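Let's take a walk through this one together. Have the viewer open and follow along as the stops come up.

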Amino acid sequence: MPDRLSEAAPAKINLYLHVTGRRDDGYHLLDSLVAFAEIGDVLSAEPADTLSLRVAGPFAAGLAAEADNLVLRAARALAAEAGVTAAAHLVLEKNLPVASGLGGGSADAAATLRLLSRLWRLAPDPETLARLAARLGADVPVCLAGHAARMGGIGERLEHAPELPPCGIVLINPGVALATADVFRARRGAWSAPPVLPAGWADVAAMAADLARLCNDLESTAVSLQPAIADALATLAEAPGCLLARMSGSGATCFGLFADVGAAEHMVSHTRRTDWWNWAGSLRRS
C-alpha cells in the first residue's frame, strides 16, 4: 500500500443560488451555478490499523469541538459500502473558515471518498460514490465532482455548467460563522425560478452582467443574522474593478469577481480589515 496520499478539497463558490421550493420532508430545493476556487483544505491519509483524524491548519480550532465530523462519517460510509475495515490515519489541513458558505466540510467529505478509494485500492462506480455523497450532505455531490456544475434538487442533481471565462476572485469572511440550518430556518419569501443560462460567456464582464440579474436567495436572511456580512459585501462592491459582489452559499463568506487575478490581488492588498479572512486568486477552470 502507498505510504501517504493527499487530496485537495477546494472551496465551493455559489455564483448564484436560487431557492426554488421545498419538499414535503422540509428539504429546500435549489438551483445554483457552482464553481471552485484555487484554495481549499487538504486531506492526507496513510495506512493504519484503526481510523483516526488529526486536524491542523489555521482554522483547526473551529473543529475542535466536533467529535465526529464529516470526514470520519465519509470514511466509515465508504468502508461499509465496500465491505472493508475503516482503517487509516487522516490529517486534515483546515485552510478555510468553518461554517463559512464555502462548502468546506462537504469538500472535505468528498475528498475523503476520493482519497480513501485510492488508499484502500477500491474502484467504486461513480453512481455508488454519488449515492454515498448525497447521503452525507447537500453539497457533497458537487464537491465530489470537483468541477463547475449547475446544481439542482437538494444538491443531488448535477448538470453541465456554462463555460466559465478566466477571471480573478476575492473571498472575504468577516470573521463570523453561520450555520446553514439557521439560515434556511429563518428565510421567508417567495420561491425563485431557475434561470436560462448561456452555453458560456465571452469574458468575465459578460458573466458578471448576467449573474447580476440573478441573486443569492439566502443573502438577505444571512445579513439579518450576521450584519457583518453587509460590511463585507460593501467592501467588495466599492473596490475598484469589482464586477460583482455576492455572498456564497448560506454565508458568511462573500466573493467579488474581477477582470483578472492581478486586480483581485490589488483589492486584497488594499483591504485594511486585518480581522477579516481574505484571499485573492482565480476560479478553477476544470
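What follows is a tour of a helix pair, an aromatic pair, the cysteines and some backbone oddities. Keep in mind along the way that this is a predicted model.

Start with helix 2 and helix 3. Their axes sit 10 Å apart and the angle between them is about 145°, and the crossing is right-handed. Who does the touching? From helix 2 come Ala109, Leu113 and Ser117, and they meet Leu129, Leu132, Ala133 and Leu136 of helix 3. Sorted by class, that contact has six nonpolar residues, one polar residue and no charged ones.

Now zoom in on one member of that contact, leucine 132, which belongs to helix 3. Is leucine 132 buried or exposed? Its relative accessibility is 1%, so it counts as buried, the cut-off being under 20%. Leaving aside residues up to four places away in sequence, leucine 132 touches Ala77, Leu78, Glu81 and Leu113. For a sense of scale, try glycine 103: from leucine 132 it is 29 residues away in sequence and 17 Å away in space, C-alpha to C-alpha.

Next, look at the loop between helix 2 and helix 3, where you'll find arginine 121. Its phi is positive, about 55°, even though the residue is not a glycine. Most residues other than glycine have a negative phi, and most peptide bonds are trans. Arginine 121 is exposed, with a relative accessible area of 61%.

Alanine 99 is another non-glycine with a positive phi of about 55°. You'll find alanine 99 in the loop between strand 4 (88–93) and helix 2 (104–119). Alanine 99 has 35% relative accessibility and so counts as partly exposed.

There is a backbone feature of another kind further along. Which two residues does a cis peptide bond join? They are glycine 251 and alanine 252, with an omega of about 15°. Alanine 252 lies in the loop that runs between strand 8 (244–247) and strand 9 (254–258).

On to the rings. A pair of aromatic rings is described by the distance of the centres and the angle of the planes. The structure holds one aromatic pair, made by phenylalanine 59 and tryptophan 277. The geometry is edge-to-face, at 6.4 Å centre to centre and with 80° between the planes. Why does this pair tie together parts that are 218 residues apart in sequence? Because phenylalanine 59 sits in the loop between strand 3 (51–56) and helix 1 (70–82), while tryptophan 277 is in strand 10 (residues 277–282). Phenylalanine 59 is partly exposed, at a relative accessible area of 24%, whereas tryptophan 277 counts as buried at 16%.

Last stop: the cysteines. A disulfide is a covalent bond between the sulfur atoms of two cysteines. How many disulfides does a search of the whole structure find? Zero. Take cysteine 215: the closest cysteine sulfur is in cysteine 254, 14 Å away, so it's too far for a bond. Seen from cysteine 254, the closest cysteine sulfur is in cysteine 242, and at 11 Å that is also too far for a bond. The cut-off for a disulfide is 2.5 Å between sulfurs. As for surroundings, cysteine 215 is partly exposed, with a relative accessible area of 29%, while cysteine 254 counts as buried at 0%.

Note on methods:
Residues numbered from 1 in each chain as written. Predicted model: local features only at pLDDT ≥ 70, side-chain atom pairs only at ≥ 80, totals over all residues. Heavy atoms only, no water. Helix = DSSP H or I, 4+ residues; strand = E, 2+ residues; numbered from the N terminus. Buried < 20%, exposed > 50% of the residue type's maximum accessible area, 1.4 Å probe, protein only. Axes fitted to C-alpha atoms, helices over the stretch in contact; angles between N-to-C directions. Left-handed = near helix turned anticlockwise from the far one by under 90°. Contact = heavy atoms within 4.5 Å. Nonpolar A, V, L, I, M, F, W, Y, C, P; charged D, E, K, R; others polar. Phe/Tyr/Trp six-rings, centres within 6.5 Å; stacked < 30°, edge-to-face > 60°.
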